[in-house]
Structures are given as structure tokens and as C-alpha cells.
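Here are some notes for a first reading, set out as numbered points. Please keep the sequence and the structure open beside them as you go.

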Amino acid sequence: MKKYLLYGLTIIALFLTITDVKAQSLQFSQVLLVSSTQLTVPVGKVWKVESYWKANTFLTSNTNYTTCTGNDYHSPFMVNGNIYYVLKGVTTGYSALYTCVGNEFPLWLPAGTTVKTICSCDFLSVIEFTIIP
């Protein structure tokens, strides 16, 4: 048994030496609120988007209204110029919509990624981490 354990540990050590595995860790940096001003994830950092907060929403007659003109329903946010919506898994609703794949948080963004909200009064809650080599 000891012989097999020694062989196994030797193979693992040899594999790690050959592949030159380098571990990285993340260190908390700061908390950010990203709104309609586009921000870019800095070099050497990663962002963890935790949630999307929508302002001034009132529910009447199954319709969401907001002060953000032209976005009277679910307001999107943008990542690298592409529009994304926060979608929870929908299982029932109108006859034309039975199921929907959910887009859930957290959302991890690498360095160089740009992000902003469409509505100026909404914001994304972001935790920034520094990559430690």
C-alpha cells in the first residue's frame, strides 16, 4: 500500500513539475456601483457582479414602469457593447411564454471588459478583486 502511495505522489510531483502549474489567488480590493457611465475592468483585476438594482419601479396592472425613458419593462445593462437582461427562470406566464432560461448573478468579468447600465438611476453592485500571482 505504501509503495502505491509513493508511486502516486511521485507521479503527481512529476506532473506538476512538467506542467509548471502556477496558482493565483484573489484579494478583495473594493466595492463599486456601476451605473450609466461606462467603466472598464482594470488590468490585474477581476470584477464579480453581484446584482442589478433598478430604481423607481412601480407595479400596476402587471406592467413595470420606470423613470428611464424607453425602457418601461426590464432595463438591460451592457457588457462590451452587448445588451444583457437579468432573467429569472420563468415557468408560467402569458400563453406565448412558458419557460425561459435564467441569467443569474454572480457574473465574473475579466480585465478589459466594459460594463454600464442603460438607465442612469439603476446600478450594478460589483466587487473588485486584485489578482495575486
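1. How many helices and how many strands does the secondary structure of the protein chain come to? In this model, which is predicted, the chain has one helix and 10 strands. Read from the N terminus on, the order of the elements is α-β-β-β-β-β-β-β-β-β-β, and a reader can follow that order along the chain before turning to single residues.

2. The chain as a whole can be described by a few totals. Of its 133 residues, 24% count as buried, while the accessible surface comes to about 9600 Å², with 63% of that surface belonging to carbon and sulfur atoms. Among contacts between residues at least 6 apart in sequence, 72% join residues at least 24 apart.

3. Next comes the backbone, with a general remark first. Most residues other than glycine have a negative phi, and most peptide bonds are trans. Against that background, the peptide bond from Phe105 to Pro106 is cis, with omega near 10°, and Pro106 is placed in the loop between strand 7 (82-84) and strand 8 (107-109). Asn80 is not a glycine, and yet it has a positive phi of about 50°; this residue is found in the loop between strand 6 (77-79) and strand 7, where its relative accessible area of 46% makes it partly exposed.

4. Which residues line the second largest pocket? The lining consists of Phe77, Val79, Tyr84, Tyr85, Val86, Asn103, Glu104, Phe105, Pro106 and Leu107, so that both partners of the cis peptide bond, Phe105 and Pro106, are included. The volume of this pocket is about 170 Å³, and by class its lining has eight nonpolar, one polar and one charged residues.

5. Glu104, one of the residues lining that pocket, lies in the loop between strand 7 and strand 8 and is partly exposed, with a relative accessible area of 47%. Tyr85, also in the lining, is 19 residues from Glu104 in sequence, and the C-alpha atoms of the two are 9.7 Å apart in space.

6. Why do Cys119 and Cys121 not form a disulfide? A disulfide is a covalent bond between the sulfur atoms of two cysteines. The cut-off used here asks for sulfur atoms within 2.5 Å, but the sulfur of Cys121 is 5.6 Å from the closest cysteine sulfur, which is in Cys119, and is therefore too far for a bond. By this rule the count for the model comes to zero disulfides. As for accessibility, Cys121 counts as partly exposed at 29%, whereas Cys119 is buried, with a relative accessible area of 0%. Cys119 lies in the loop between strand 9 and strand 10, and its C-alpha is 8.1 Å from that of Pro76, a residue 43 places away in sequence.

7. Is Asp122 buried or exposed? At 0% relative accessibility, Asp122 counts as buried, although it is placed in a loop, the one between strand 9 (114-117) and strand 10 (123-132). Leaving aside residues up to four places away in sequence, Asp122 touches Val34, Ser35, Tyr52, Trp53, Lys54, Ala55, Ser75 and Thr117. One of these, Ser75, is 47 residues from Asp122 along the chain, and their C-alpha atoms are separated by 8.5 Å.

Terms used: Residues are numbered from 1 along each chain as its sequence is written. This is a predicted model: local features need pLDDT of at least 70, side-chain atom pairs count only at pLDDT 80 or more; totals for chains, interfaces and linings use all residues. Side-chain values use heavy atoms; hydrogens and water are left out. Helices (H or I, at least four residues) and strands (E, at least two) are DSSP runs, numbered from the N terminus. Buried means under 20% relative accessible area, exposed over 50%, partly exposed in between (1.4 Å probe, protein chains only). On a 1 Å grid over the protein atoms alone, a cavity is a set of points where a 1.4 Å probe fits but cannot get out, and a pocket is an open set with protein on both sides within 12 Å along at least five of seven lines; lining residues have an atom within 4 Å of a point. Grid points are joined across faces, edges and corners, and a volume is the space filled by probe spheres set on the points. Ala, Val, Leu, Ile, Met, Phe, Trp, Tyr, Cys and Pro count as nonpolar, Asp, Glu, Lys and Arg as charged, and the others, Gly among them, as polar. Contact means heavy atoms within 4.5 Å. Accessible areas come from the Shrake-Rupley method with a 1.4 Å probe; for residues, only the protein chains shown count as cover.
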